[in-house]
Amino acid sequence: MLDGFKKFILRGNVVDMAVGVVIGAAFAGVVTGLTKAFLNPLIKLMAGGNDKFSTLQFNLHGVVFPIDDFINACISFVLIAAAVYFFVVLPVNALVARMHRGEKPPDPTTKQCPECLSEIPIKAKRCAHCGQPVMAMVA
């Protein structure tokens, strides 16, 4: 019973969904706070101390488009994606690779034609592409 549950949990799509929902939602607030509390003042400091970054915007027919919010969202997205990749995806991939380390790879089902280098079934005696006779693989 627990073995089946372990296989279900370690399937790629379940792990990806859990990562996207739980970790992404929880970490989004932290990264947004970091961006607004640390990166915005750092950008302001690099701009010479004046608050040009928070007033980055353009007007189109009286409608204001704040560019600084978009830049903050992009920075937050990159930081969240990097954190999820390095702290969740890589460890899960290593765990799955460790679980499959002792398994024997499946037997090949195709071989390469020596004449035209196309893939043909392993039991074929003649290439379907060029008609060249090929030697059968000995099992």
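I started at serine 118, which sits in the loop between strand E3 (110-112) and strand E4 (119-121). Helices (H or I, at least four residues) and strands (E, at least two) are DSSP runs here, numbered from the N terminus.

Note on the model: it is a predicted one, where local features need pLDDT of at least 70, side-chain atom pairs count only at pLDDT 80 or more, and totals for chains, interfaces and linings use all residues. Residues are numbered from 1 along each chain as its sequence is written, and side-chain values use heavy atoms, with hydrogens and water left out.

**Serine 118 and its loop**

Buried or exposed, I wondered about serine 118? Serine 118 counts as buried because its relative accessibility is 15%. My cut-offs: buried is under 20% relative accessible area, exposed is over 50%, and partly exposed is in between (1.4 Å probe, protein chains only).

Next I listed what serine 118 touches, leaving out residues up to four places away in sequence: Lys111, Gln112, Cys113, Cys127 and His129. A contact means heavy atoms within 4.5 Å.

Then I looked at leucine 117, which also has its place in the loop between E3 and E4. Leucine 117 counts as exposed because its relative accessibility is 55%. Its phi is near 65°, a positive value in a residue other than glycine.

**Lysine 111**

One of the residues touching serine 118 is Lys111, so I followed that up. Lysine 111 belongs to strand E3.

Where is the nearest side chain of opposite charge to lysine 111? That is glutamate 119, 10 Å away, and lysine 111 is buried yet has no salt bridge. For the charges, Lys and Arg count as positive and Asp and Glu as negative, while His and the chain ends are not counted. A salt bridge needs a side-chain nitrogen of Lys or Arg within 4 Å of a carboxyl oxygen of Asp or Glu.

I did find the backbone oxygen of alanine 124 at 3.1 Å from a polar atom of the lysine 111 side chain.

**The E1/E2 hairpin**

I moved on to strand E1 (residues 57-60) and strand E2 (residues 63-66), which pair in the antiparallel sense over 4 bridges. Two strands pair if DSSP finds at least two bridges between them.

I checked two cross-strand partners: phenylalanine 58 stands opposite phenylalanine 65 in E2, and asparagine 59 has valine 64 in E2 as its bridge partner. A reminder to myself: in a regular strand the side chains alternate between the two faces of the sheet.

The hairpin has 2 residues between the strands. Histidine 61 lies in that loop between E1 and E2, and it has a positive phi of about 55° although it is not a glycine. Histidine 61 counts as exposed because its relative accessibility is 80%.

**Asparagine 40**

I found asparagine 40 in helix H2 (residues 12-46). Asparagine 40 counts as buried because its relative accessibility is 16%. Its C-alpha atom is separated by 8.1 Å from that of asparagine 72, 32 residues apart along the chain.

**The whole chain**

Last, I took the overall values. The protein has 3 helices and 4 strands, and from the N terminus on its elements run α-α-β-β-α-β-β.

Of the 139 residues, 16% count as buried. Among contacts between residues at least 6 apart in sequence, 29% join residues at least 24 apart.

The protein exposes about 10,800 Å², with carbon and sulfur atoms supplying 69% of it. The areas come from the Shrake-Rupley method with a 1.4 Å probe; for residues, only the protein chains shown count as cover.

Conventions
Polar contact = N/O pair within 3.5 Å; in protein donor to acceptor, adjacent residues only side chain to side chain.
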